[in-house]
Amino acid sequence: MKHIKTHPILSGFLIFLTLLVLAAVLTGAVIMDAADGSTGEFKYLIVLGTAVNGTEPSLMLADRIEAAGNYMEENQDVMCIVSGYQSGEGNISEAQCMYNELTEMGIAPDRIIMEDKATSTEENLEYSLALIEEISGSRPETVGILSSEMHLYRASMFADEQAVTAYMIPAETSDTGTFIYYFIREIVLVWYYSVF
């Protein structure tokens with residue numbers, strides 16, 4: 001059988017074109033989830049943590065806390081799971097920081113459950129769902145997930161892995177430079193996760 005030889009430049013171009021199309025598709029997915037904000041019925045809202053500076057929330061975490069507080073004020077039946085560990089920059093965990101800020105906003109402490117072991121988005125969802133099941137006696141079929149708008153697509157990928165229906169609630173990033181940096185970062189992470 002005769003083998004067809006492919007020119008190295010053509011092969012390189014085809015690989016580049018494939019990667020470009022994949023990047024465009026993933027970028028579109030990230031943008032669509034950032035703008036979606038679709039909601040449905042759920043009892044538990046999982047708020048994904050990010051950096052804490054000492055005992056104060058980073059700018060991005062403050063944006064998430066504000067969005068979570070507003071959502072909980074408008075939806076009085078929703079319980080909140082704040083998820084995130086204590087990183088090197090924080091004197092308290094991300095979960096504790098969110099708990100402190102939300103209660104200062106007037107959210108009742110008994111509506112907030114802390115999950116302070118998760119070190120990644122994947123663990124945020126896995127550990128939060130396990131905690132809900134431990135507390136309520138059953139694993140929820142539907143949850144809300146609140147995070148920065150550009151982070152929601154990757155969070156939805158992990159929600160799919162956990163076989164849970166997730167409604168994504170975006171927290172608008174208040175600083176443009178921060179948004180651009182993390183938007184690019186998310187595209188790279190989603191691309192890496194999708195490929196590997």
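This report describes a predicted model, beginning with its sheet and moving on to the helices and the nonpolar cores.

## The sheet

Five strands make up an open sheet, in which the order is β5-β4-β1-β6-β7 and the pairing is parallel. The edges are held by β5 (112–115) and β7, and because each of these has a single partner strand, one side of each is left without a neighbour in the sheet. On average, and with direction ignored, neighbouring strands of this sheet are turned by 25° against each other.

Two of the pairings can be followed residue by residue. Strands β1 and β4 pair in the parallel sense over five bridges, and here V47 stands opposite V82 in β4. Strand β6 (residues 142–148) is joined to β7 by seven bridges, and these two strands also run parallel; in this pairing L146 is found opposite I169 of β7. Helix α4 (residues 121–136) lies across β1, β4, β5 and β6, and its direction is at about 150° to β1.

## From β6 over α5 to β7

Between β6 and β7 the chain passes through helix α5 (residues 152–161), and the resulting β-α-β crossover is right-handed. Helix α5 is largely enclosed by the rest of the structure, because seven of its ten residues are buried; these are L152, R154, A155, S156, M157, F158 and A159.

In the loop between α5 and β7 lies A163, whose phi is near 55°, a positive value in a residue other than glycine. A163 is exposed, with a relative accessible area of 67%. The opposite holds for S147, a residue of strand β6, which is buried with a relative accessible area of 0%. Leaving aside residues up to four places away in sequence, S147 touches L48, R64, L152, I169, P170 and A171, and one of these, L152, is among the buried residues of α5.

## The packing of α5 and α6

The axes of α5 and helix α6 (residues 176–195) come within 9 Å and cross at roughly 30°. Angles under 35 degrees count as roughly parallel, and the two helices are therefore roughly parallel to each other. On the side of α5 the contact is made by Y153, R154, M157, F158 and E161, while α6 contributes R185, E186, L189, V190, Y193 and S194. Of the α5 residues in this contact, R154, M157 and F158 are buried.

## The nonpolar cores

In soluble globular proteins, nonpolar side chains tend to be buried together. In this model the largest nonpolar core has 23 residues, and those with the most contacts inside it are L45, V47, V82, L102 and L146. The elements that give two or more residues to this core are β1 (44–48), α2 (59–74), β4 (79–83), α3 (94–104) and β7 (165–171), and α2 gives the most, with six residues. Apart from this core lies another, of 17 residues, which includes Y44, I46, L131 and A155.

The surroundings of L45 can be listed in detail. Not counting residues up to four places away in sequence, L45 touches Y71, M72, V78, M79, C80, I81, G144, I145, L146 and I169. Two of these residues, L146 and I169, have already appeared as the pair that stand opposite each other between β6 and β7. In the same way V47 and V82, which are among the residues with the most contacts inside the largest core, were met above as residues standing opposite each other.

Methods: Residues are numbered from 1 along each chain as its sequence is written. This is a predicted model: local features need pLDDT of at least 70, side-chain atom pairs count only at pLDDT 80 or more; totals for chains, interfaces and linings use all residues. Side-chain values use heavy atoms; hydrogens and water are left out. A nonpolar core is a set of buried Ala, Val, Leu, Ile, Met, Phe, Trp, Tyr and Cys residues joined through side-chain atoms within 4.5 Å. Buried means under 20% relative accessible area, exposed over 50%, partly exposed in between (1.4 Å probe, protein chains only). Helices (H or I, at least four residues) and strands (E, at least two) are DSSP runs, numbered from the N terminus. Contact means heavy atoms within 4.5 Å. Two strands pair if DSSP finds at least two bridges between them. A crossover is right-handed if, with the strands pointing away from the viewer, the path from the first strand over the helix to the second runs clockwise. Axes are lines fitted to C-alpha atoms, for helices over the stretch in contact, and angles run from 0 to 180 degrees between N-to-C directions. Angles under 35 degrees count as roughly parallel, over 145 as roughly antiparallel, 65 to 115 as roughly perpendicular and the rest as oblique.
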